[in-house]
Amino acid sequence: MTIDDIDTALSHHYHLEHLFQSDKSFDKMIDATLLFIEFDELSYLHSYNIDDMLAPKITKSIKYYLSLDSYFQRVGDYQYIILLQNGVSSKELNQLIKQISNIFLEPISINDNLFYLTLSFGVSFSPKEGTTLYTLVKKAKYALKSREKFSQHSVITSEEIFTSTSYLKMTELMKDLPLAIENGEITWEYQPQYDYEKNAYTGAEMLARWKHPKYGDVSPEIFIPLAEETGMIAPLTVKLFIETSHSFKILEKNHINDFSLSINISPVFLMSKTFYTTIDFFISEYDLYHKKLHFEITEQILIKDIYLYSELFDKLKKLNIHIALDDFGTGYTSFNYLSELPISSIKIDKSLIKDIDKNLKNRTIVNAIYHMSQALNLDVIVEGVENSAENSIIKNYVSIKSQGYYHAKPMSLKELILKLIP
Amino acid sequence: MEKNILIVDDVMFNIEFEEMIIKSLIKELDLENIHIDTAYTMTEAIEKITANDYDAMFVDMNLPDGSGVDVAKHARKKSSKTRIAALTIYPDLYEKERANFDLFLKKPIMPEVYKQNFIRLLQL
C-alpha cells in the first residue's frame, strides 16, 4: 500500500525525525505551504554516492530563491522540503516552482562532470490538509508519488501542480476497484491495427476503461498502477481473459477469423507465482490455443531481468501466445536480447512517431529499428499515427502495421465488428 | 465417490468461469462423478435446494432478488451436512454470518485460489 510505503520511507528520513523532535515551533502550522522536491536518482552512478556530492550545490541554488522566513531542508537521498510560512499565493508558489525547475534545466558540474537532474514536486497546504509538519510532508509526498504515476514528465510545470487533494479520491478508488472489476464497471475498448500490405485491419489492442459512478472516466494510467499496488491486477487480468475469449467467440460468429487480439500484461502479474498457471488454465479451458492471442509486455522489464523471462517466454510460446514488446524505443533494450527471446513483434512507441514527417532524428531511429526488426524476423507495429503526414512516412515501410487515431480510434466490440465486416 | 455441487451467481460469465475451473480440477485430480448444477437467483437456488440434495455450494452473496445468506440458511435447515462457501468481494461485511458458511472466498475469483478452496470445501 502506498500510504505504508510513505510511512516506511519517512522513517528513513533521519533529518526529518530529528526535526520533529527538536523543533517545537513546527508543532502547529497555520497558513503554510509545503513543497516536497525529489530528484530522480542517478542510478547509473549508484556506487559513487553522488547525491551527497550534489546536495551542497542543490541547496545553494534553491536557497537563492527562498525568502528568509521559509524553511529548507534536505530530508533524504535526493529529497528536500521547503516550508513556506505566512500564506503564499498560488501565483507565488507557481513562480517558485518554475524558478526551481529552471535551475535544473542546466547541468550541475561536479569534478568536471556534468549532471543533468530531473525533479518532481508535491505540494500540500496547511491547515486544509493538516497542521503538523509530519502530515504535510506525508501528503505532499503522496501527491508527488501519485503525480509520477500519472505522467512521464519528471518536471512539473506551474499549471500542472498536483496537490494532495486527490489523496481522498485515490483512497476511494482503491476501495471501489474490486467492485468495479467484479461488476463490469471496468470494460475494454478495441483499437484496430491496420495492415498496409493487406489493406485491412488484422488485429486490435484491448484497452481498459473505468467508468466510475462518482468520478466518471478514470484513466488507466491511474487505475492500473492502483490495481498493481493493491493486488488487484491478477483478478483484473483474469476478467480481461474472460472478455478476450468471449470476444474471440463473437468475432468468429461474425465470420471474422484470423484476427489477433492484443492484451497488456502487467509486469507485476507477469512476475507473480500464479501467472503461468492462470494463463495455462485459460488457454486450455477457454480453448484459446488456436486463437491469435498476443501479449503486450513493456520493454522496460527486460532491462532488468532478461534471462529470468526467457524460460517463461518459451513456455508462453508453447501455449501459442505471441509476445509483443510494447513501448519499444523508450528504454534501452539491446537487439541482442531480441534475438535470444521468443518475441514475435515490437510496437514502436508513439513518442517516436509523433511528427515523424518533420523530425529527422526520430525518422532515423524508426528506420534503424525497422531494419533491425526485419533482419530478426520480427513484426513491427507503430503506435500513434495520428495524421496523414505521419501516415505518408510510415506506409512506405513494407509489411509494417499501424495503430493510431489516423486509422481508427479505440471502439466497442460492436463498432469493431461493423468496421471489419465489409 | 459422487458429489453434487450447486453454483449460485447472477452473472453468467462467473458461473461459466467456476464451471471451467471445476472441470479443469476434475481433469487434474482425475475425479469422477462430480455433478454441477447452477442457479442465477435466490429463488431459483432455493427451489433447487428443496428439490435436490447437494454436498457443496458456492454461493455469491449479492443476488438480484436477495442475499446469499438466505440461500445458505435454507440449505443448512435442510441438511447440516451441506458444505457452503460464500463468494463475496468484501468478506468483512459478512463477519457475523460466519456460522452459516464453511468458508469465505474472495471475489474476483482466481482459478488457483478457487481450486484450493474447492478441495477444502469438498474435503477431497
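This passage describes a predicted model of chains A and B, beginning with the make-up of chain A and the contact between the chains and ending with the strands of chain B.

In chain A, the secondary structure amounts to 16 helices and 15 strands. Chain A has 422 residues, of which 51% count as buried. When contacts within chain A are restricted to residues at least 6 apart in sequence, 70% of them join residues at least 24 apart.

Where the two chains meet, 22 residues of chain A are in contact with 17 residues of chain B, and the area buried between them is about 1,700 Å², with 68% of this area given by carbon and sulfur atoms. Two salt bridges are counted between chain B and chain A; in one of these, the side chains of A:Glu285 and B:Lys27 come together with an N to O distance of 2.9 Å. Five residue pairs, with both residues at pLDDT 80 or more, are in polar contact between the chains. On the side of chain B that touches chain A, at least two residues each are supplied by helix H1 (12-29) and helix H4 (111-121) of chain B, and H1(B) gives the most, with eight residues. By residue class, this side of chain B divides into 10 nonpolar, two polar and five charged residues.

Within chain B, B:Asp55 is placed in the loop between helix H2 (42-51) and strand S3 (56-60). With a relative accessibility of 31%, B:Asp55 counts as partly exposed, because this value falls between the 20% under which a residue is buried and the 50% over which a residue is exposed. Leaving aside residues up to four places away in sequence, B:Asp55 touches B:Glu2, B:Lys3 and B:Asn4, and also B:Lys81, B:Thr82 and B:Arg83. For B:Asn4, a polar atom of the B:Asp55 side chain lies 2.7 Å from the backbone nitrogen of B:Asn4. The C-alpha atom of B:Asp55 is separated by 8.3 Å from that of B:Leu6, although the two residues are 49 residues apart along the chain.

Strand S3(B), which follows this loop, is mostly covered, five of its five residues being buried. Its two faces are both covered, with B:Ala56, B:Phe58 and B:Asp60 buried on one side and B:Met57 and B:Val59 buried on the other. S3(B) pairs in the parallel sense with strand S1 (residues 3-8) of chain B over four bridges, and in this pairing B:Leu6 stands opposite B:Met57. S3(B) also pairs in the parallel sense with strand S6 (residues 83-88) of chain B, over five bridges. Between S3(B) and S6(B), B:Ala56 stands opposite B:Arg83, while B:Val59 stands opposite B:Ala86.

Strand S6(B) is largely enclosed by the rest of the structure, because five of its six residues are buried. S6(B) is further joined by four bridges to strand S7 (residues 103-106) of chain B, and these two strands run parallel. In the pairing of S6(B) with S7(B), B:Ala86 stands opposite B:Phe104; B:Ala86 of S6(B) therefore has B:Val59 and B:Phe104 as opposite residues, and S6(B) is itself largely enclosed.

Technical notes
Residues numbered from 1 in each chain as written. Chains lettered and ligands numbered in written order. Heavy atoms only, no water. Contact = heavy atoms within 4.5 Å. Buried area = accessible area lost by both parts, 1.4 Å probe. Salt bridge = Lys/Arg side-chain N within 4 Å of Asp/Glu carboxyl O. Polar contact = N/O pair within 3.5 Å; in protein donor to acceptor, adjacent residues only side chain to side chain. Nonpolar A, V, L, I, M, F, W, Y, C, P; charged D, E, K, R; others polar. Buried < 20%, exposed > 50% of the residue type's maximum accessible area, 1.4 Å probe, protein only. Pairing = 2+ DSSP bridges.
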